[in-house]
Amino acid sequence: MAKKLPKVDVVLVGVGWGGGIIAQELTKAGLNVLGLERGKERKTEDYFMVHDELRYALRYELMQDLSKETITFRSNEKVRALPMRSYGSFLLGDGLGGAGVHWNGQTYRYLPYDFQIRSKTTERYGAAKIPKEMTIQDWGITYDELEPYYDKFEKLCGISGEPNPLEQQLGTKRSAPYPTKPMKMAPGMKMFADATKKMGLHPYMMPSANLSEPYTNPDGVSRAACQYCGYCERFGCEYGAKADPVVTVIPVAKKTGKFEIRTHSQVRRILHTGGKATGVLYTDVATGQDIEQPADIVVLCSYVFNNSRLLLLSKLGTPYDPASGKGVIGKNYAYQVLKGGATGYFDKEFNLFAGAGALGICLDDYNGDAFDHKDLKFLHGGNISYSQTGRRPIQNNPVPKGTPSWGKDFKAASINYYNRSLSVGGQGASLSFRHHYLDLDPTYKDTFGDPLIRITFDFEEQDRELARFLGTKCEEILKEMGAKTIDATKELGPYDITPYQSTHNTGGVIMGTSPDTSAVNTWLQMWDAENVFVIGASAFPQNSGYNPTGTVGALAFRTAEGILKYRQGSGGLLT
C-alpha cells in the first residue's frame, strides 16, 4: 500500500532545464515546490579533473540505465518493435539536471517560420505544397510572443553570441543583444567565414552556453569563462562555464528555502479525478516503497519520451490513433535530419583538440523558408555549421573514403588526418507525419512492470531530398575552403537507431489552439486537466533546423508565468 504524504503546492516530475526553471520562478514567487528526480544528486565538484572519455562518452555515466528502462523502436506498423539495448541514435540523460548537464550548449532561437509553418507555407506556395500525410501545424504562438522569454533564458545562461546577419530577412528581431561576446574564432572557423562570405552567404558565430567571459546573471549566479578543454558533449563541466540547471536555476530555487528535491524517485502515475490531478504516485527506488504525493499543481518536466509515457500510463488525455488521425497523446513525434554534411581533408594542420561544445560558426541562408522552395521537393531546411567541439582521442579518427577499416594503412591515415580534417554539417528540420508517433509497447516492460514507450518512425522522401540539398551545400563550402579531398554524405537511407545522430527528439504532447489537434495549450497546460502542465520539447508540433534547448527554456519561462496566473486566479484554462 502506498504511503501518503502531506500535500505541496507544486510537484515537478523531473528536474532538468524545464523543472529547474519552473522551480526557480515559482519558489521566488513564494510557492512550495517539490522536485521528484529519478536519478541521483549532482554537483560541479563531481567533474573536477575527470576528463574521462571512456567513462562518460563511451560508457554513458550520465545516461539512463537501459537495463531498467529503455524505449522500443520500429520503422513502421508492419514490423515488431524491439528494445534499444545499448545507446545509439540519441542519449537519455539521468539524474539531477537531466540532459541539461551533458548537452553541448548550442542555443538557438527558432524562426518565426517554425511557429507558423503551415500557414506561412500555404500562404507562399499554396496548400498543395504540403504532402497529404504530413501533419505539420502552427504552434499557436508566434516568435514575437515568445521573444521576451528567449531573452530571459539567454540572460539566465549568459549566452555568448553575435547578431545573425539575416535577422531582418528571417524576422528574428531581438529585444537585447546577447549578454556576452562571442566565443574565440579558431582558424578553421575563420576559413569557413571567409569562404562563405565569398560565396555570398552570411556566417555568424554560433550562440553558445559555454561562457566566452566571466558572467553574473540577473539572479546573481556568477560563473567562470570556458577553458576550451573540449569536454562538453556527454560530460559535466568542471568549471561551471557551461550553463546547466545544476549551476544556474537549481541553486536559486534552493536558496529560497521553498524547494525540496527527492532523488531516486521514479514517478509512475499522475493521480487524477474529475478533470484535475490530485498528485502523483512514485516509487522510492532505494527502498521500493510506493508513495502518494498530493499536490495542487502537477508539472511534467521529464524528457520527451517519459512525458508521453507517463500520460499514457496515467490514462490522462486521449491516445493518438494514426489510422483515424484522432487523439493527441503520442502525436507528431519528430527527430532531426543530420546526414547532409561533408568532411574535407587538408594538407595543413589545425589544433582540433582544443574546443567547446558550442564553439562554432554557422549560417541560415538555407534554413526555414529563407530561400525559395517552389521547385524543391521538400519544405524547410537547416542550419549549416562548422564546429570545433574538441577532438578527443578515442572517438575521432576521420579517414577518407576508400581507406581500409583496420590495419597499418588505417592507422597511418588516422594519424595523418587527425588534425587535418574539418567537417561542415547541415542540421535539417524534421517535419511531422501522420504515421510517426509514440505509444505504449504491448510486449516490453520496465523494471517496475510498466510498459515501455514505443517509437514508430522512419525517414521520408522529404528528409532524403533535404539531406541531398544540405550535403551538396556543405560540399560546396568545403571546396571553397580549399579542401584537398571531400567526402560528402548526401544519401539518407532508412532511419537507423544504432549510430548516434542527435538527442533532439520532439513531439508527443504537442501544443496548439484546439484540444482536437493538440494535448496542451500555448501555456503548456493540458486541455484535459487544467492543473497539469507539460514542459519540454514534447510540446513541439514538429522540429526545426536548430538545437531545441533555447526554445525549451523560453517556453518553460512562459509556462512558469502561466502557472502563477493560474494559481492566483480562479482556475480554468488560461487564454
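The lining of the largest cavity divides into eight nonpolar, three polar and four charged residues; here Ala, Val, Leu, Ile, Met, Phe, Trp, Tyr, Cys and Pro count as nonpolar, Asp, Glu, Lys and Arg as charged, and the others, Gly among them, as polar. The structure is a predicted model, in which local features need pLDDT of at least 70 and side-chain atom pairs count only at pLDDT 80 or more, while totals for chains, interfaces and linings use all residues. Residues are numbered from 1 along each chain as its sequence is written, and side-chain values use heavy atoms, with hydrogens and water left out.

A cavity is a set of points, on a 1 Å grid over the protein atoms alone, where a 1.4 Å probe fits but cannot get out; a pocket is an open set with protein on both sides within 12 Å along at least five of seven lines, and lining residues have an atom within 4 Å of a point. Grid points are joined across faces, edges and corners, and a volume is the space filled by probe spheres set on the points. By this rule there are five cavities of 30 Å³ or more. The largest cavity holds about 170 Å³ of space. Its lining comprises 15 residues, of which Arg 109, Asn 164, Thr 172, Arg 174 and Tyr 178 lie nearest the centre.

The second largest cavity encloses about 130 Å³. Of its 17 lining residues, Cys 229, Tyr 231, Gly 236, Cys 237 and Glu 238 lie nearest its centre. This lining consists of eleven nonpolar, four polar and two charged residues.

Among the pockets, the second largest has a volume of about 420 Å³. It is lined by 17 residues, and Arg 38, Gly 39, Asp 65, Lys 68 and Asp 94 are the closest to its centre. Nine residues of this pocket lining are charged, five are polar and three are nonpolar.

The account now turns to the nonpolar cores. A nonpolar core is a set of buried Ala, Val, Leu, Ile, Met, Phe, Trp, Tyr and Cys residues joined through side-chain atoms within 4.5 Å; buried means under 20% relative accessible area, exposed over 50%, and partly exposed in between, with a 1.4 Å probe and protein chains only. The largest core has 171 residues, of which Phe 90, Val 299, Phe 305 and Met 481 touch the most other members. Helix α13 (residues 549-568) gives the most to this core, with nine residues. Apart from it lies another core, of five residues, including Tyr 345, Val 399, Ala 413 and Tyr 417.

Phe 305 belongs to helix α10 (residues 304-313), in which ten of ten residues are buried. Helices (H or I, at least four residues) and strands (E, at least two) are DSSP runs, numbered from the N terminus. Contact means heavy atoms within 4.5 Å. Not counting residues up to four places away in sequence, Phe 305 touches Ile 71, Phe 90, Leu 92, Tyr 333, Leu 438, Ile 453, Ile 455 and Asn 505. Just after α10, Lys 315 takes a positive phi of about 55 degrees.

Phe 90 is also touched by Ser 502, whose other contacts beyond four places in sequence are Ser 89, Tyr 335, Gln 336 and Leu 338. Ser 502 is found in the loop between β20 (485-489) and β21, and with a relative accessible area of 3% it is buried.

Helix α5 (residues 117-125) has Ile 117, Thr 121 and Tyr 125 among its buried residues. These three cover an arc of only 25 degrees around the axis, which puts them on the same side of α5; the arc is that of the directions from the helix axis to the C-beta atoms. The buried residues of α5 pack against α4 (112-115). Gly 126 follows α5 and has a positive phi, near 95 degrees.

Two loop residues other than glycine also have positive phi. His 264, with phi of about 55 degrees, is found in the loop between β9 (259-262) and β10. At 36% relative accessibility, His 264 counts as partly exposed. Leu 524, with phi near 65 degrees, lies in the loop between β21 (506-508) and β22 (532-534). Leu 524 is buried, its relative accessible area being 0%.

Strand β10 (residues 265-273) contains Leu 271, which is partly exposed at 23% relative accessibility. Leaving aside neighbours within four places in sequence, Leu 271 is in contact with Lys 276, Ala 277, Thr 278, Gly 279, Val 280, Leu 281 and Glu 292. The C-alpha atoms of Leu 271 and Ala 358, which are 87 residues apart along the chain, are separated by 40 Å.
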